[in-house]
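Student: I would like to learn how labels such as "buried" or "salt bridge" are justified. Could we go through them one at a time?

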Amino acid sequence: MVHHQLINYLIDYTLAMKKTVRGTSFEVPFVILILALFWGCLQEVEKPHLPPFSCDKNSSINLREELVTLESDGKGTSGVTMNRVVQESNQNYLIEFNPSMHSLDYYNLKNLKLSRRVLFQNDGPNALPVPLDFCWHNQDSIFFLGEGGVLSIMNDQGILKQRTILNTQLPNGMEVGDYYAEPTMGLRVDYISKNKSIQLYIVMLDGDPDQNKSLPFIANYSLPKNKITHSYGIFPEAYFQGQHFSLFDDPSKIIVQNKTIVSFGPDRGLYVYDAISGNLEKAVCAASENFSITKGLPHGVAEYQDLINFETSEPWYLKVIYDPYRKRYYRFAKQRQELKDAEGKMNPRFFGKWSVIVLNQDYKRLGEVHLPAKKYAILSSFVAPQGLMILSLNQTNENAKNFYQLNFE
């Protein structure tokens with residue numbers, strides 16, 4: 001939008017030349033020529049590039065798996081989608097936002113049972129708007145991002161501590177279209193305690209999709225200053241080819257030890273930024289073997305069925321999860337599948353074959369494990385002290401949730 005202002009200024013200058021300068025048959029084309037040259041240079045400068053990386057050969061790693069049960073009270077959700085694993089009073093808890101109860105449900109990860117439930121008000125001065133995501137910092141500071149950039153800070157008694165409408169202006173004067181989160185896809189809201197900032201994914205509503213992808217997509221929002229202090233993030237080359245990737249067009253990101261690790265649906269790499277400064281530190285390969293992304297969908301209005309077909313059949317990377325207990329990263333990769341099964345019925349988008357790519361804390365590949373179809377609900381996953389937990393598609397008890405506990409050796 002800054003470049004639009006500059007171009008408008010040059011156009012206004014050209015129009016002024018028509019009125020004030022004689023011999024405009026020379027001056028005006030000259031200004032237009034300068035404008036064209038400037039625009040071409042601007043386009044080239046504003047298109048950032050990610051550094052290259054090389055991929056190691058696939059290593060072997062073994063999977064050990066068992067079925068475990070997370071006991072509830074029948075008032076929870078069918079899956080665990082918006083969740084955090086936290087440590088409170090030397091005890092590990094899975095905290096899940098429960099939309100049916102408008103609550104945070106605390107599951108003790110030692111005995112795998114529901115421990116307590118924090119209820120929030122739906123209206124009134126202490127009301128909590130329906131969140132897009134939440135981030136647990138401590139018992140007195142739980143950050144909830146709502147639609148329209150509403151940030152609510154609650155405590156674990158369900159009491160509102162502070163509410164803020166986030167400023168949408170970037171440091172360069174541009175305006176953020178919106179703040180967005182999608183926990184199931186790994187696009188999270190995070191708190192950086194070192195500088196008291198919330199890290200957010202920003203959506204730019206620029207008219208040109210390719211130009212939009214030239215803009216930063218991560219913002220560090222200072223709570224003391226109530227503004228974005230800096231923004232950063234670079235999209236891979238595939239996003240500048242007049243195409244989009246439907247459901248997995250947005251990246252996923254996590255923060256680990258003040259490093260922001262970014263993953264893209266159609267890209268083999270992981271990109272590591274300093275979470276404080278926003279500087280890109282490295283690009284590493286985290287690719288699935290024999291895995292290639294075809295071209296995306298062209299920009300413009302697409303039929304709904306075309307989007308579903310694309311999301312169902314094409315391979316793509318979902319998200320990255322960090323395992324602090326074993327100091328590993330897990331990246332989920334959806335494998336290519338046929339659009340329809342042997343009976344001619346549409347295959348579900350998320351219930352086909354998946355794989356988990358395992359990396360150590362230095363991003364060195366340890367191996368890849370392939371998972372069979374129609375067994376795992378990959379969108380509902382988290383890391384516990386016992387291992388990587390993935391919700392089972394086979395649920396038989398409304399008062400419990402069955403999970404596969406995965407350990408890689």
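Tutor: In this predicted model, the accessible surface of the protein is about 19400 Å², and carbon and sulfur atoms account for 51% of that surface.

Student: What share of the residues is buried?

Tutor: Of the 409 residues in the protein, 51% are buried.

Student: Why is Phe332 called buried?

Tutor: The word applies under 20% relative accessible area, and Phe332 has 0% relative accessibility, so Phe332 counts as buried. Phe332 lies in strand β22, which covers residues 328–334, and, leaving aside residues up to four places away in sequence, Phe332 touches a set of residues including Trp316, Tyr317, Trp354 and Ile390.

Student: What makes the pair Arg84 and Asp133 a salt bridge?

Tutor: The term requires a side-chain nitrogen of Lys or Arg within 4 Å of a carboxyl oxygen of Asp or Glu; the side chains of Arg84 and Asp133 meet at 3.7 Å, N to O, and therefore the pair fits the definition. Arg84 belongs to strand β2 (residues 83–88) and Asp133 to strand β6 (residues 131–138), so the pair ties together parts that are 49 residues apart in sequence. Both Arg84 and Asp133 are buried, and they are linked with Arg188, Asp190 and Lys253 in a network of salt bridges.

Student: How do you know that Glu96 and Lys401 are buried or exposed?

Tutor: We set each value against the cut-off of 20%: Glu96 is at 0% relative accessibility and so counts as buried, while Lys401 is at 3% and so counts as buried too. The side chains of Glu96 and Lys401 meet in a salt bridge of 3.0 Å, N to O. Since Glu96 lies in strand β3 (residues 91–98) and Lys401 in strand β27 (residues 400–408), the pair ties together parts that are 305 residues apart in sequence.

Student: Which label fits Lys259, and why?

Tutor: Partly exposed covers values between the 20% limit for buried and the 50% limit for exposed; Lys259 has a relative accessible area of 25%, so Lys259 is partly exposed. Glu281, with 41%, is therefore partly exposed as well. Lys259 forms a salt bridge with Glu281, where the closest N and O atoms are 2.9 Å apart, and the pair links distant parts of the chain, with Lys259 in strand β17 and Glu281 in strand β19, 22 residues apart.

Student: How many salt bridges does the structure hold?

Tutor: The structure holds 20 salt bridges.

Terms used:
Residues numbered from 1 in each chain as written. Predicted model: local features only at pLDDT ≥ 70, side-chain atom pairs only at ≥ 80, totals over all residues. Heavy atoms only, no water. Buried < 20%, exposed > 50% of the residue type's maximum accessible area, 1.4 Å probe, protein only. Areas by Shrake-Rupley, 256 points an atom, 1.4 Å probe, with all protein chains shown as cover. Helix = DSSP H or I, 4+ residues; strand = E, 2+ residues; numbered from the N terminus. Contact = heavy atoms within 4.5 Å.
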